[in-house]
Amino acid sequence: MAASDTDRAQRGIQSIEVGGQLLRALVHHGRPMALKDLAREADMTAAKAHPYMVSFGRLGLIEQDRASGHYLLGPLALQLGLISLQQADPVHIATPLIAQLAQQTGHTVALAVWGARGATIVRTAESPSPVHVNMRHGTVFSLTNTASGRVFAAFLDADAVRQLLEDERQRQKQRKASEPVPAGMPPVQPLPSWSDFERQLQEVRTHGISRSDGEVIEGVSAMAAPVFDHTGAIVLAVTAIGPAGIFNTAWDGEISRALKACADTVSQRLGATANPPAANPPRPER
C-alpha cells in the first residue's frame, strides 16, 4: 500500500540524522575535539564517524586543525549560526511560553521590551485564576519602582540608566504638588539617589531577577526576569504580576524559579551564554 502524504513528509534520511549526532557533540562541547572523542559522544566507532566528518568537511560544516588533527565547526556552520541569530525574534520565541507560564504560576505574565519611554508591555497571558491583575499592551513601567523597570536598568549601560534616572527626577519635579493621588495608588515616593538605586540594581544582578511589592498599586506584587541575546544584551523582561496575598516574591520561590527558567529558555534560543552578563560599571557619582 502506498504511503500517505503525511508519511512521506515526515520520512527522514537516517544517515543524516546519525551524522548529525557528531555535529551536536561538537556544538555541545564548544571546543575542537579529537575524532575518537566525537565518536564516543555520538555512540559510534571512530571508523564509522570518519566518513561523516569527511563529508561535513567538504560541505564546510566542519574543518580539521592541521596541527592537532582535532575537528571544529567550519565556515558554513558559522554562517548558518549567524543567520539563525539574525532571524531570531525574542518576542516571537517567548510568546507561546508565557501562556504556559501563566498556567503554571496562576498569575498574569507579560513580555516587556525596552522602548523610547522605558520598559513597555508588548504581549500578555492572563492568569487562569478568577482573582488576577490585568496588564495592557503599551503600558510603560517606571524605571525605579517596578520589577520590569529595574530588571532592565540592572543590565543596561549604567551611564545611560543614570541619565534616565535624572530624566525621571525632572519629570517628577515638574508635576504639580497639588495633584491628588488616585484612589488605590500609594503616595508618590521621592526617587532614589544614584548610589541607592545602584544598590537595588546590584541586588537584581545577584539574584538574577527583580521584584516589587505594592510600589505601584497597593496589594499588587510583581517579579521580572531578564532575557539576553547572543551579544549579552538584555532584550526582554518576562514579568509576572498578581495579588500580593497569593503572590510569592521570595528570591528562590516557585514564581522566581519559573520565571527564570522561562527567561533562560528564551535566552538560550537566542544564542546567549549560560552565565548572564554583568552590567557596564557606572562612573563614580560626583
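**Figure 1. The surroundings of S256 in helix α10 of this predicted model.** S256 touches I209, M223, A250 and W251, leaving aside residues up to four places away in sequence; contact here means heavy atoms within 4.5 Å. S256 is buried, with a relative accessible area of 0%. For the burial classes, buried is under 20% relative accessible area, exposed is over 50%, and partly exposed is in between (1.4 Å probe, protein chains only). Helices (H or I, at least four residues) and strands (E, at least two) are DSSP runs, numbered from the N terminus. Residues are numbered from 1 along each chain as its sequence is written. Because the model is predicted, local features need pLDDT of at least 70 and side-chain atom pairs count only at pLDDT 80 or more, while totals for chains, interfaces and linings use all residues; side-chain values use heavy atoms, with hydrogens and water left out.

**Figure 2. The open sheet and its strand order.** Five strands line up as β4-β3-β7-β6-β5, with antiparallel pairing; two strands pair if DSSP finds at least two bridges between them. At the edges sit β4 and β5 (210-213), each pairing on one side only. On average, neighbouring strands are turned by 25° against each other, direction ignored. Axes behind such angles are lines fitted to C-alpha atoms, for helices over the stretch in contact, and angles run from 0 to 180 degrees between N-to-C directions. Two helices are worth a look here. Helix α6 (residues 90-105) packs on the sheet and touches β3, β4 and β7, with its direction at about 150° to that of β3. Helix α10 (residues 254-269) also packs on the sheet, touching β6 and β7, and its direction makes about 25° with that of β6.

**Figure 3. Strand β7 and its partners.** Burial first: 9 of the 10 residues of β7 are buried. With β6, β7 pairs in the antiparallel sense over 9 bridges, and A222 stands opposite I241 in β7. The two strands form a hairpin with 5 residues between them, and G232 in the turn has a positive phi of about 90°. With β3, the antiparallel pairing of β7 runs over 5 bridges; A110 has T239 in β7 as its bridge partner. Further along the sheet, β3 and β4 pair in the antiparallel sense over 7 bridges, and W114 is bridged to A119 in β4.

**Figure 4. The largest nonpolar core, with 29 residues.** A nonpolar core is a set of buried Ala, Val, Leu, Ile, Met, Phe, Trp, Tyr and Cys residues joined through side-chain atoms within 4.5 Å. The residues with the most contacts inside this one are F152, V161 and F197. At least two residues each come from β3 (108-115), β4 (118-125), α7 (147-155), α8 (158-174), α9 (194-207), β6 (220-228) and β7 (234-243). Helix α7 gives the most, with 6 residues. A second, separate core has 26 residues, including L111, A125, I209 and M223.

**Figure 5. Helix α7 and the neighbours of F152.** All told, 9 of the 9 residues of α7 are buried, among them R150 and S148. F152 counts as buried at 0% relative accessibility. F152 touches A112, V113, W114, A119, I234, V235, L236 and A237, not counting residues up to four places away in sequence.

**Figure 6. Two of the 3 aromatic pairs found in a search of the whole structure.** Rings of Phe, Tyr and Trp (its six-membered ring) pair if their centres lie within 6.5 Å; planes under 30 degrees apart count as stacked, over 60 as edge-to-face and the rest as tilted. The W114 and F152 rings have centres 5.4 Å apart and planes at 40°, so this pair is tilted. W114 is in strand β3 and F152 in helix α7, 38 residues apart. W114 counts as partly exposed, at 31% relative accessibility. For F155 and F228, the centres are 5.1 Å apart and the planes at 85°, so the pair is edge-to-face. F155 lies in helix α7 and F228 in strand β6, so this pair ties together parts that are 73 residues apart in sequence. Both F155 and F228 are buried.
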